[in-house]
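Q: Hi! Could you walk me through this one before I set anything up?

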Amino acid sequence: MKLSHFQFHLPPELLAEFPPENRDEAKLMVVNRKTKTIEHKEFKDIINYFDDGDVMILNNTKVFPARMYGNKEKTGARIEVFLLRELNSEQRLWDVLVDPARKIRIGNKLYFGDDDSLVAEVIDNTTSRGRTLRFLYDGSYDEFRRKLTELGETPIPKYINREVTEEDAERYQTIYAKVEGAVAAPTAGLHFSKHLLKKLEIKGIDFAEVTLHVGLGTFNPVEVEDLSKHKMDSEELIISQEACDIVNGAKVKKNKICCIGTTSMRAIESSVSSQRTLNPYAGWTNKFIFPPYDFSIADCMVTNFHTPKSTLLMMVSAFCGHDLMKKAYEEAIKEKYRFYSYGDAMLII
């Protein structure tokens with residue numbers, strides 16, 4: 001398939017700028033691949049599609065406050081610094097994006113906080129907007145990380161053109177987030193409330209947790225018509241033996257296995273054995289899933305509604321079937337479903 005197959009008109013007013021009042025009361029579109037039917041529900045109705053012994057695979061990554069604002073030495077120009085990943089904890093080296101990038105050169109220093117209590121020096125250019133920063137801070141490593149958290153803000157997506165609120169710090173995070181390292185939320189999981197998780201648990205649904213630290217590369221635009229030539233950025237991935245035992249046990253018993261989000265799907269499809277079972281893994285993945293693709297583990301998935309030409313939309317198309325996905329998205333636009341990070345959800349069964 002080609003990039004142009006994933007173009008569609010998305011009315012800008014359908015891009016969700018705020019989360020729904022209650023996590024589990026977002027709209028839920030249920031798409032049945034066998035019957036080709038579409039139902040309209042609330043997210044909390046998802047419990048009706050699962051039974052005792054079924055498994056949901058959750059990405060337990062935790063978003064850290066990755067967006068910071070500093071001032072350039074001498075000129076005082078305000079610079080946005082987006083922390084991507086830590087390169088060396090001892091030397092306090094970080095891979096970052098800067099904006100505006102044209103003003104930031106090797107050797108420049110940036111000052112953060114009202115009292116300039118944190119300083120960073122630019123030591124390398126990595127891409128047009130990418131830089132390597134060395135943070136200069138006298139305290140311990142734990143104190144340094146606390147300082148980053150204190151000075152950073154929740155990295156809600158750029159399309160949300162408003163100030164970050166205290167609500168974002170809570171709502172741009174799944175309730176089961178545990179392992180800090182993501183710069184974007186695994187958004188399908190944002191719909192789960194504590195109450196809904198407890199009800200699922202009481203019904204006998206098992207949860208397998210994996211960790212895929214979502215990077216900004218997931219949202220990089222695809223700029224080649226031939227999808228096989230697109231390269232995904234690598235993201236850190238951890239799959240425990242415990243998660244494998246839960247998933248593989250359900251597979252043997254022919255219970256449903258549902259990935260909560262495209263990141264969970266990428267995670268498990270990155271570590272499949274020759275017997276099509278899940279293997280433990282600790283490392284990095286740059287797996288790009290687009291049609292046609294033969295999925296090995298999950299037989300259903302939950303996902304949000306994605307933007308045109310995105311790699312996320314391509315994965316959903318591969319899982320759902322392209323024609324059915326197009327039909328579902330036309331229906332979503334007609335019924336005014338909310339798209340993207342704070343948007344509504346789709347269950348594909």
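A: Happy to; below we go through the model, the sheet, a helix, the backbone oddities and the pockets.

Q: What should I know about the model before reading values off it?
A: This is a predicted model, so to speak of its ground rules: local features need pLDDT of at least 70, side-chain atom pairs count only at pLDDT 80 or more, and totals for chains, interfaces and linings use all residues. Residues are numbered from 1 along each chain as its sequence is written, and side-chain values use heavy atoms, with hydrogens and water left out.

Q: Cool. What is the strand order in the open sheet?
A: The order is β2-β1-β17-β16-β14-β3-β12-β13-β15, an open sheet of 9 strands with mixed pairing. Strands here are DSSP E runs of at least two residues, helices are H or I runs of at least four, and both are numbered from the N terminus. Two strands pair if DSSP finds at least two bridges between them.

Q: And which strands stand at the edges?
A: β2 (37–42) and β15 do; each has a single partner strand, so one side of each is left without a neighbour in the sheet. Neighbouring strands of this sheet are turned by 25° against each other on average, direction ignored. For angles, axes are lines fitted to C-alpha atoms, for helices over the stretch in contact, and values run from 0 to 180 degrees between N-to-C directions.

Q: In which sense do β1 and β2 pair?
A: Antiparallel, over 6 bridges. One bridge to look at joins V30 to E39 in β2.

Q: Which strands does α5 lie across?
A: α5 lies across β3 (55–59), β12 (206–212), β13 (235–239), β14 (257–260), β15 and β16, and runs at about 100° to β3.

Q: Switching to α6: how many of its residues are buried?
A: 10 of the 10 residues in α6 (residues 311–320) are buried. Buried means under 20% relative accessible area, exposed means over 50%, and partly exposed is in between, with a 1.4 Å probe and protein chains only.

Q: What covers them?
A: The cover includes β1 (27–32), α5, β16, α7 and β17. Contact here means heavy atoms within 4.5 Å. Just after α6, G321 takes a positive phi of about 100°.

Q: Which residues have a positive phi although they are not glycines?
A: R276 is one of them, at about 65°, and K336 is another, at about 60°. R276 is in the loop between α5 (262–269) and β15, while K336 is in the loop between α7 (322–334) and β17 (345–348).

Q: Is R276 buried or exposed, and what about K336?
A: R276 counts as partly exposed, at 34% relative accessibility. K336 counts as exposed, at 57%.

Q: Where are the cis peptide bonds?
A: One joins D99 and P100, with omega about 0°; P100 is in the loop between β7 (93–99) and β8 (109–112). Another runs from P291 to P292, with omega near -10°, and P292 is in the loop between β15 (281–285) and β16 (300–304).

Q: Now V119: which residues does it touch?
A: V119 touches K109, L110, Y111, R134, F135 and L136, not counting residues up to four places away in sequence. V119 lies in strand β9 (residues 118–125) and is buried, with a relative accessible area of 14%. V119 and Y137 are 18 residues apart in sequence and 7.0 Å apart in space, C-alpha to C-alpha.

Q: Last topic, pockets. How much space lies in the largest pocket?
A: About 980 Å³. Of the 41 residues that line the largest pocket, the closest to its centre are L84, V183, G215, L216 and G217. A pocket is an open set of points on a 1 Å grid over the protein atoms alone, where a 1.4 Å probe fits, with protein on both sides within 12 Å along at least five of seven lines; lining residues have an atom within 4 Å of a point. Points are joined across faces, edges and corners, and the volume is the space filled by probe spheres set on them.

Q: Which element gives the largest share of that lining?
A: β6 does, with 6 residues.

Q: And how much space lies in the second largest pocket?
A: About 280 Å³. Of the 13 residues that line the second largest pocket, the closest to its centre are Y69, E153, R162, E163 and V164.
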